[in-house]
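Got the viewer open and a cursor ready? Let's take a walk through this one, selecting a piece at a time.

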Amino acid sequence: MAYRKVSDAQGGPLVSEVLHCSGALDLDWDLDKEELQEPGPSVDRMQMQHVDCQRSGCSNPGPDPDPELMEPIQQSVSVSPHGRFERLQEDPDYISHFTRAPGHKGQRRLHCFILRYFFAGLGIFVLGLLIGWFTHTPSVKAPVTPSDSSDLLEELLRGIKADKINILHRSFSSLSDDSEESRARYLYQQWVGLGLTSVQLSNHTVLLSVPGSTPNTVTDSSSHQCFLPSGIPCDQHRPDDLPKEPLSYAAYSSVGSVQGEAVDVQYGSMDDLRRAQDSANLTGQIAVVKLGQAPLLYKLSVLSNVGFGGVLLYVDPCDAPPSRHNWHQAFRVTLNPGGNPATAGAGGSLTPLLVQPISVILARTLLSSPMTGKEDSCIPLATPPNAERKTINLTVGNQLSYKKIYNVVGYLKGRRNPDRHVLVGSSHDGDQGGGASAIMNQLIAALTERTRGGWVPDRTTVFCSWGGSALGNIGSYEWGKENSVVLQSSAVAYVSLNSPVRGTETLRATASPTLLQLTSDIQRRQLLSCIRGGNCPGPNVSSLQLPGDGSFFANHLGVPTLEFGFEQTKAVETTSFLAEAQFSAESPETLDPLFKFHETVAKMTAEAIFRLANDPVLPFYPLDIALDVQNKLKDKRTVPALLLSSASSLRDHAAFFQSETMRPANDPKERDPSHVRMLNDVLRDLEKSFIAPQAAAGLHRNLLYSLLGKTPQFSILRFSQETLPYCNITSKAIGPSKAIGPSKAIGPSAATTDLCHGGVSQSLSVILQAIRSAERLVCFGQSLFENYPGDAQ
C-alpha cells in the first residue's frame with residue numbers, strides 16, 4: 001500500500017511524494033543508529049576495562065590481586081542518551097558496585113583503596129540517577145495522552161474570548177488601504193507573527209465582472225419612465241446614491257439591451273413556468289423571478305431553455321428577514337459557478353440572458369402588485385389576475401477586467417500524520433471579510449499558544465484566507481485545482497468560516513452526512529452555555545447545499561465539510577437560497593456589538609478543528625452516510641427495488657464496519673498506529689464515492705448534499721423528475737432570442753440537451769453506481785482488517 005505525503009515549503013506550492021510501506025512502523029523517533037544499538041556483554045566489559053585503565057594505569061598492571069578478597073565485577077548497563085531503550089526501565093533499583101581487592105602492600109593501603117572505590121561507586125550511582133532523570137523526563141512530557149485531550153480542549157476554548165475577536169476585527173478594519181492586496185498582506189504578516197509553521201501568499205490574475213461606467217436601467221416602454229435597480233427614477237439619481245448602485249448587478253451576465261413583457265414566474269419552478277406558458281408566448285420576454293427554493297443558476301438554465309431574453313431578480317419581502325425594511329435596496333449576485341471565468345471560453349458572459357437584480361419596490365411596480373400586509377401579515381408579491389403586463393426595456397452595461405486576487409495559506413504542522421490536512425477556510429474580500437478574518441486570527445492564536453506549551457496536533461491544519469470569493473469562489477477554486485492531486489489524498493475535512501455572523505436569530509450548522517454526528521455533538525455542547533441565557537434553540541444540523549468557498553472541495557474532491565453560523569432569515573423552504581443575494585451587509589460590530597455570537601462560532605469551529613486534527617480515528621461515521629442514503633430513497637413508488645436493496649446492503653456493511661473495525665481502533669489498549677492509518681484512509685475516501693460525473697447547473701455534484709423539501713431526496717433525482725414533463729413540450733417554446741448589443745445571446749439548444757439528457761433513468765443509474773462504489777470501499781476496509789496481526793493479540 002502506498003500513501004501520499006504532502007510537504008509544504010515557505011513560499012512554494014504543495015509538493016507530493018509517495019511513501020511505500022515497508023512493514024515497519026514509521027514512529028517519531030529521533031535516535032541515531034548508533035544509539036539504537038543495544039550494547040552486549042563484550043561492550044560492557046570493554047567499558048569497565050577502560051575505566052580501570054584510567055584509574056590504575058594500564059601500562060603497569062602490577063601484581064595480580066588476591067582472588068579471595070576481590071568481589072566479582074558485575075556487568076554494567078549502558079544508558080542511551082535519549083533513554084527510550086535502556087534496560088534500567090526493567091530494573092530501576094539497579095546499582096553497580098565496582099570494588100578492587102587490595103594487593104600485597106598492607107592493610108592500610110587496602111583501606112585507602114576501599115575508601116577510594118566507595119566514593120567512586122557513589123559518584124557513579126549519583127551520575128546514573130541524574131542521567132536517568134534527564135533521559136526519562138522528555139518521554140513523560142512529549143505526547144499528550146488521550147486522557148488529557150479533554151483538558152487541552154477546555155484550555156483551548158477558554159483562550160477564545162469575544163473581546164480578543166473584537167480587537168482583531170478593529171485592527172483588520174482600520175487598515176488605511178482597504179484593497180484586497182492590502183488585506184491579504186496584513187493577514188500574511190499576522191500569521192507569520194502568530195507562529196504558523198509556514199505561510200504562503202500567492203496571487204492569480206483572473207477575469208472579473210464589474211459595473212459599467214453608467215448604472216444598469218429598467219425603462220417602462222409605455223410611460224418612458226426610467227428606473228435604477230433600486231427603484232429610484234433615473235432623473236432623481238443623486239450623487240450620494242452612487243456608492244449604493246455598484247452593488248446592484250449580476251456578475252458575468254450578458255450585456256446589451258432587451259425589450260419584452262415583464263412576466264411573473266414567481267420562483268421559476270416547472271409549475272410556475274407551465275402556468276406562464278399557458279397565458280402567453282415566453283420567447284424573448286423578461287422574467288421577473290424570486291430568489292429561493294432552488295439554485296439561481298438552475299433557474300437561469302431553465303429560463304434560458306424556455307426562451308426568455310432577460311431576467312429580473314428580487315427577494316420577496318415575505319421571505320426576507322423582518323429587520324430588512326429597506327424596500328429600495330437592491331443586491332448583487334454572481335453567475336460564476338466557480339473559478340476563473342477566463343478559462344471557461346465564454347468571453348466572460350456565463351449565460352445568454354441579460355440578468356439584473358432589482359429592489360422589492362421596483363418589482364412591485366413592474367408586476368402591478370398591491371402593497372403587502374401590515375405588521376405580522378404578509379402577502380407575497382404577484383401579478384393580479386387579468387392585469388395587463390408591462391412592456392419594459394432592460395439595459396445591462398457590465399464591464400470585464402483582469403485583476404489579481406490573493407490567497408493566504410498557512411500551516412500548523414502535525415506530528416504523527418503531517419501529510420493529512422484539515423483545511424480551514426474564510427474570505428478576506430466582501431462585507432463579511434472582517435468578522436471571518438478576526439475569528440480566523442483568534443483560532444490561529446489560540447492553537448499556536450497551545451503548541452508553545454508542548455502540544456502538537458496529530459494532523460496538519462491548513463488555514464486559508466481566500467480572495468475573489470464574492471464573484472464565484474475564485475481563490476479557493478484556483479488554489480484547489482493547482483493542488484488537486486495532493487489534496488485528493490491529503491485533505492480529510494474542510495471547516496468553513498464563509499459567513500459566521502449574518503444575523504442573530506438562528507444558529508445553523510451545515511455538514512456533510514460524514515460529519516453530522518460530530519457537528520451535532522459540538523453544537524449541543526456549546527448550547528449548554530448559550531448566550532441567550534437558557535432560551536436556546538435545539539441542535540439544528542443539516543446537509544443542505546449552500547454557497548461558499550467549500551464548494552470546490554466538496555464537489556470536486558469529495559472532502560467532508562462543515563460550517564457554523566448565525567443568520568437572520570427564518571428557517572423555511574423559500575429561504576434556502578437567499579444567501580445567493582449579496583446585500584450591503586451590516587458591519588460585524590453593528591450586528592454583534594459584544595461579539596458574543598462571533599465567540600460562539602469561534603469556539604464551535606475550534607472544537608471541530610481540534611477533533612479533526614487530533615482524534616486518532618477520524619470522527620467520521622459511515623453508518624450516517626448509509627442512513628442518509630436510505631432516507632433520500634423513501635419514496636418507494638419512484639425508486640427501483642434494486643436501488644433499495646443496494647442501499648440496505650450499504651447500511652448493513654457500514655454498521656458492521658463501524659462497530660467491528662472502528663470500535664477497536666478507538667480503544668487505546670487495542671489501537672495500532674498502522675491499523676488506524678489504514679482505517680482513516682478508508683473513512684477519508686468514502687464520500688468520494690458520491691461525486692457524480694456531472695450535474696445540472698447550480699446543483700452540487702456531491703450527491704450527499706440535498707435541497708430543502710417536504711420529502712428528502714437526491715437533488716439530481718428531484719430535478720430530473722420535475723423537468724421530465726417540461727422536456728416533452730420544450731420544443732414548442734424555444735425560439736430565437738431578441739437580445740441585442742455587444743454580446744449576442746446564444747441559442748438554447750445546448751443547454752436544453754444538457755438539462756433533459758438522460759432524465760430520471762440516468763439519475764437513478766448515477767445514484768446506484770455511487771451506492772455500490774461506497775459499499776465496495778466499506779467491504780474493502782473490512783477485508784483489509786480481517787485477521788489483522790494486531791487483532792490476533
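Select β19 (561-567) first: this strand gives the most to the lining of the largest cavity, with three residues. (Strands are DSSP runs of E with at least two residues, helices are runs of H or I with at least four, and both are numbered from the N terminus.) A quick note before moving on: this is a predicted model, in which local features need pLDDT of at least 70 and side-chain atom pairs count only at pLDDT 80 or more, while totals for chains, interfaces and linings use all residues. Residues are numbered from 1 along each chain as its sequence is written, and side-chain values use heavy atoms, with hydrogens and water left out.

Now add β16 (491-496), β17 (506-511) and α14 (551-555), which, like β19, each supply at least two residues of that lining. Which residues lie nearest the centre of the largest cavity? Show Leu546, Gly550, Thr561, Glu563 and Tyr705; the full lining has 17 residues. Colour the lining by type and you get eight nonpolar, eight polar and one charged. (Nonpolar covers Ala, Val, Leu, Ile, Met, Phe, Trp, Tyr, Cys and Pro; charged covers Asp, Glu, Lys and Arg; the others, Gly among them, are polar.) The volume is about 180 Å³, and a search of the whole structure finds seven cavities of 30 Å³ or more. A cavity here is a set of points on a 1 Å grid over the protein atoms alone where a 1.4 Å probe fits but cannot get out, and lining residues have an atom within 4 Å of a point. Points are joined across faces, edges and corners, and the volume is the space filled by probe spheres set on them.

Next, widen the view to the open sheet of eight strands, ordered β3-β13-β15-β14-β16-β19-β17-β18, with mixed pairing. (Two strands pair if DSSP finds at least two bridges between them.) β3 and β18 (541-542) are at the edges with a single partner strand each, so one side of each has no neighbour in the sheet. Pick β3 (198-210) and β13 (399-412): they are antiparallel, with 13 bridges, and Ser198 sits opposite Tyr411. On to β15 (459-466), joined to β13 by five antiparallel bridges; look for Val409 opposite Cys464. β14 (417-427) and β16, by contrast, pair in the parallel sense, with His421 partnered by Ala491.

Two helices are worth switching on here. α6 (180-194) lies across β3, β13 and β15, at about 5° to β13. α11 (474-482) lies across β3, β13, β14 and β15, at about 60° to β13. (Contact means heavy atoms within 4.5 Å; axes are lines fitted to C-alpha atoms, for helices over the stretch in contact, with angles from 0 to 180 degrees between N-to-C directions.)

Now jump to the open sheet of seven strands, β5-β4-β12-β7-β8-β9-β11, again with mixed pairing. β5 (225-227) and β11 (354-357) each have a single partner strand, so one side of each is left free of a neighbour in the sheet. Select β7 (256-264) and β8 (286-290), which run parallel with three bridges; Val263 pairs with Ala287. Helix α8 (296-306) crosses β8, β9 (310-314) and β11, at about 155° to β8.

Last stop: where is the one disulfide? Show Cys226 and Cys234, joined S to S at 2.0 Å. (A disulfide is a pair of cysteine sulfur atoms within 2.5 Å.) The torsion about their S-S bond is about -55°, so this disulfide is left-handed.

Notes
On a 1 Å grid over the protein atoms alone, a cavity is a set of points where a 1.4 Å probe fits but cannot get out, and a pocket is an open set with protein on both sides within 12 Å along at least five of seven lines; lining residues have an atom within 4 Å of a point.
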